[in-house]
Amino acid sequence: MGNENEIRIVLGSKRYAGNTDKDVWLQPALIGERRDITEADRSIMVNQLEQFNKERQASGVYRVSGKIVNVFNNEITGKTSYSPFKNYLYYTNGVQNALNNASAWEGTPQFDEFTFLRSEGIPNHITFAPKSASSYNWGVYLTYPYSSSTTQKISYTNENITTAVYNNIDVGDGVPFCIKSGNNNGNPIVYFYCATPHNLNENEWVELSFTINGKNVFQVYSFGDGTNGSESNVFAIYDLKFPPIDIPVGKYGSFKRIVTTSNSAETKSKYYIRLHKVLTVEKDCNLARAGFENNAFPIKQKIEYSAVTPNQTQRVSKRQGSQSFSYSFDRDISINGLLDNNGKPVTELFVTIINKGYMGWFNYPPPFQQTAIDIGWGFNFLKNSVDTWWNHTSLSNKDNIPVDSYIANGQTFYYNKELNIGDVIKGDFCEYNYIEQKEYLLSNIYHKYSYNQMVFLDNSTNSYPSGYVYVPHYPVKIRAFSDYLEYGSTTEIDGIPGHAWYSEVNNIWLWKDLYSYGFIDTDNIGVDHPFINGAHYPFLNVLFLQKPIQQEVNINSIVINSPNVDNCE
């Protein structure tokens, strides 16, 4: 039979007059003509939504962007005799300095030294390149917590109880505390004032670093000491057998949390600081002014008249600024195969901001050291003094950020070098509990950059130089684990994930499921970032605070104000 598509059947009556119609029967040819449809065939019907979700779930590539709101109060003053700096100050005592023909002029560096995009350089100091305006003061990177350290040294001072210092302890020893005694119906009770939130729950236990009456494991009796807001940082233990002499008031120590003493080996928390590995270089981050967006604080600037400047030149100096900045990373980050510090799939990247200080006002390294930035945690800030932890010549409070230098006008200036991919820097103080399969952030890490006393002299000492502190690491949530703990044995469940943890006491695997992209549960856990061109696009707003070293961070109030009472009560 010929081509079936060309066969025509015409009724007899339609062919000529008088002809009759009759049935026509055709035998179709049983010929099989099949072919496989190739993937690129345009006739394939594709479900766009299914294909998009398939590509989205398979992708482990991220391109991070966001906004930085720089909040800063330029309040530390000093004096300098280095001419380019002296001619560039925001003067605080210009009239008197001019009348006395002072060799060193008083003031504070302008806001350009603390912002993310410089508007100008310092005349007669070094050549300023406008295209590099974002690279003089700060470096912005992406990092992830790839490992941890339990041997980092820390110290803790509770100035409300004692002037003594608890130092030279490892972060792996647990949460530091200071003891104060009390009573409950005439029976001795011991209060533990912790350096960080204790993270304890009812019916849980603590293992102390020393013994009381021959014991070092106690069940938690209560939380707080009766003062406002003390529940998160104070807990108490109670035992009728405590003789008063065995309650060491003012003694320092550390504790580890235990969920249950029936399985203390596996339910005892571990304590550490994260170690971050750098994923980008400085030039991978693009910084720009965020249009007309400003923060809530006003710009503070003034005219410096020629009569009260050391070089008799009139100019406008700026002490405070309010500009916000947008950032985006050119480098796509693939997390495929990456594991975090607890051996689990990476669920957070971090926008990491490091002071650079290329203009030379800051970061004079102490003798025999190649790093200038000091590090500390929330418990290293006191209300009435500067914590001895911030001793600038100490080796325990330094990060892995090397210093470089250059010479200008016969003077040496220092700055923090750029980080490279694969470099490791220190991070937050954390707790991890295996039986809960959960990590807890106990305290952020802080970086402190100080003035170089060789070119800008303030009222601080060489041991505790004045400067500003900031939080360097800001988490970008890219995946999310379920809050529900899954468990099972290999004989009962197929497909146990590789990040599951095996409990030898209970003979089961424990894990938490990793949510799909786009799924948000009833507790608002999950992520739903834009996805296009094979990459996820998370966005993070960074509130970047630069604060002076002396600040009140971890102080519990000992006064509860009485309520107002009038004739209506």
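Begin by selecting strand β6 (residues 138–149), which runs antiparallel to β16 and is joined to it by six bridges; strands are DSSP runs of E of at least two residues, numbered from the N terminus, and two of them pair if DSSP finds at least two bridges between them. The model is a predicted one, in which local features need pLDDT of at least 70, side-chain atom pairs count only at pLDDT 80 or more, and totals for chains, interfaces and linings use all residues. Residues are numbered from 1 along each chain as its sequence is written, and side-chain values use heavy atoms, with hydrogens and water left out.

Within this pairing, display Ser-149, which stands opposite Ile-273 in β16.

Next, select β16 (residues 270–278). Seven of its nine residues are buried (under 20% relative accessible area, 1.4 Å probe, protein chains only), so the strand is largely enclosed by the rest of the structure. β16 also pairs with β26 in the antiparallel sense, over seven bridges; here His-276 stands opposite Ile-425 in β26.

Continue to β26 and β27, which run antiparallel and are joined by five bridges. Glu-431 stands opposite Tyr-440 in β27. The two strands form a hairpin with four residues between them, and Gln-437 in the turn has a positive phi of about 55 degrees.

Finally, turn to the lining of the largest pocket (an open set of points on a 1 Å grid over the protein atoms alone, where a 1.4 Å probe fits, with protein on both sides within 12 Å along at least five of seven lines; lining residues have an atom within 4 Å of a point). Of its 29 lining residues, Thr-347, Glu-348, Glu-439, Lys-477 and Phe-481 lie nearest the centre. β22 (348–355), β26 (424–433), β27 (438–443) and β30 (473–477) each give two or more residues to the lining, and β30 gives the most, with four.

Conventions
Buried < 20%, exposed > 50% of the residue type's maximum accessible area, 1.4 Å probe, protein only.
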